[in-house]
Amino acid sequence: MLFSVTMDVALPLDMDPDVRTDTLAREKAYSHELQRGGEWVHIWRNVGQYSNLSIFDVRDNERLHEILWNLPLFAFMKIEVTALAMHPSDIAAG
């Protein structure tokens, strides 16, 4: 199942610098693991924002939920999920 996921990040301004560094490193490692495994298919920055638009290809809703809840930055994110389906006018789908 394909999902579009927008993740807006808002880290606390008073976050301990060591905690921030560690959290960001764990987030990057987790993201890379999921990308290499084929579930996190694309990730793009939303220009001018601490935000990204990502495409996930996962077996079901529960797997996406598990992935998102395990993001090290999850507590600092606003997340919007949209389920995707092929469009009949997409020439790549044919």
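In which strand does Phe3 lie? Phe3 is part of strand β1. The model described here is predicted, and this report goes from the whole chain to its sheet, its core and a few single residues.

**Overall layout**

The protein chain contains two helices and four strands. Starting at the N terminus, these elements follow the order β-α-β-β-α-β. The C-alpha trace extends over about 50 × 25 × 20 Å along its principal axes. Of the 94 residues in the protein chain, 30% are buried. The accessible surface amounts to about 6600 Å², and carbon and sulfur atoms account for 55% of that area. When contacts between residues at least 6 apart in sequence are considered, 68% of them connect residues at least 24 apart.

**The sheet**

The four strands make an open sheet, arranged β2-β3-β1-β4, with antiparallel pairing. β2 (40–45) and β4 (77–84) are the edge strands; each has a single partner strand, so one side of each has no neighbour in the sheet. From one strand to the next, the twist averages 20°.

The antiparallel pairing of β1 with β4 runs over eight bridges. Within this part of the sheet, Thr6 has Glu80 of β4 as its bridge partner. Helix α2 lies across β1, β3 (51–57) and β4, and runs at about 20° to β1.

The residue ranges of some elements are set out below.

| Element | Residues | Role |
|---|---|---|
| β1 | 2–9 | supplies at least two residues of the largest nonpolar core |
| α1 | 17–36 | supplies at least two residues of the largest nonpolar core |
| α2 | 61–69 | supplies at least two residues of the largest nonpolar core |

**The nonpolar core**

The largest nonpolar core is made of 17 residues, and Val5, Met7, Phe56, Leu64 and Leu71 have the most contacts inside it. As the table shows, β1, α1 and α2 each supply at least two of its residues. The largest contribution is that of β1, which gives four residues.

Phe56 has contacts on several sides of the sequence. Leaving aside residues up to four places away, Phe56 touches Met1, Leu2, Phe3, Val5, Met7, Glu39, Trp40, Val41, Leu64, Ile67 and Leu68.

**Phe3**

Is Phe3 buried or exposed? The relative accessibility of Phe3 is 4%, below the 20% limit, and therefore Phe3 counts as buried. With residues up to four places away in sequence left out, Phe3 touches Ser54, Ile55, Phe56, Val58, Asp60, Asn61, Leu64, Val81, Thr82, Ala83 and Leu84. One of these contacts, Leu64, is 61 residues from Phe3 in sequence, while the C-alpha atoms of Phe3 and Leu64 are 8.4 Å apart in space.

**Aromatic pairs**

How many aromatic pairs does the structure hold? There are two aromatic pairs. One of them is formed by Trp40 and Phe56, with a distance of 4.7 Å centre to centre and 40° between the planes, and this pair is tilted. The pair connects distant parts of the chain, with Trp40 in strand β2 and Phe56 in strand β3, 16 residues apart. Both Trp40 and Phe56 are buried.

Key
Residues numbered from 1 in each chain as written. Predicted model: local features only at pLDDT ≥ 70, side-chain atom pairs only at ≥ 80, totals over all residues. Heavy atoms only, no water. Core = buried A, V, L, I, M, F, W, Y, C linked by side-chain atoms within 4.5 Å. Buried < 20%, exposed > 50% of the residue type's maximum accessible area, 1.4 Å probe, protein only. Contact = heavy atoms within 4.5 Å. Pairing = 2+ DSSP bridges. Axes fitted to C-alpha atoms, helices over the stretch in contact; angles between N-to-C directions. Phe/Tyr/Trp six-rings, centres within 6.5 Å; stacked < 30°, edge-to-face > 60°. Areas by Shrake-Rupley, 256 points an atom, 1.4 Å probe, with all protein chains shown as cover.
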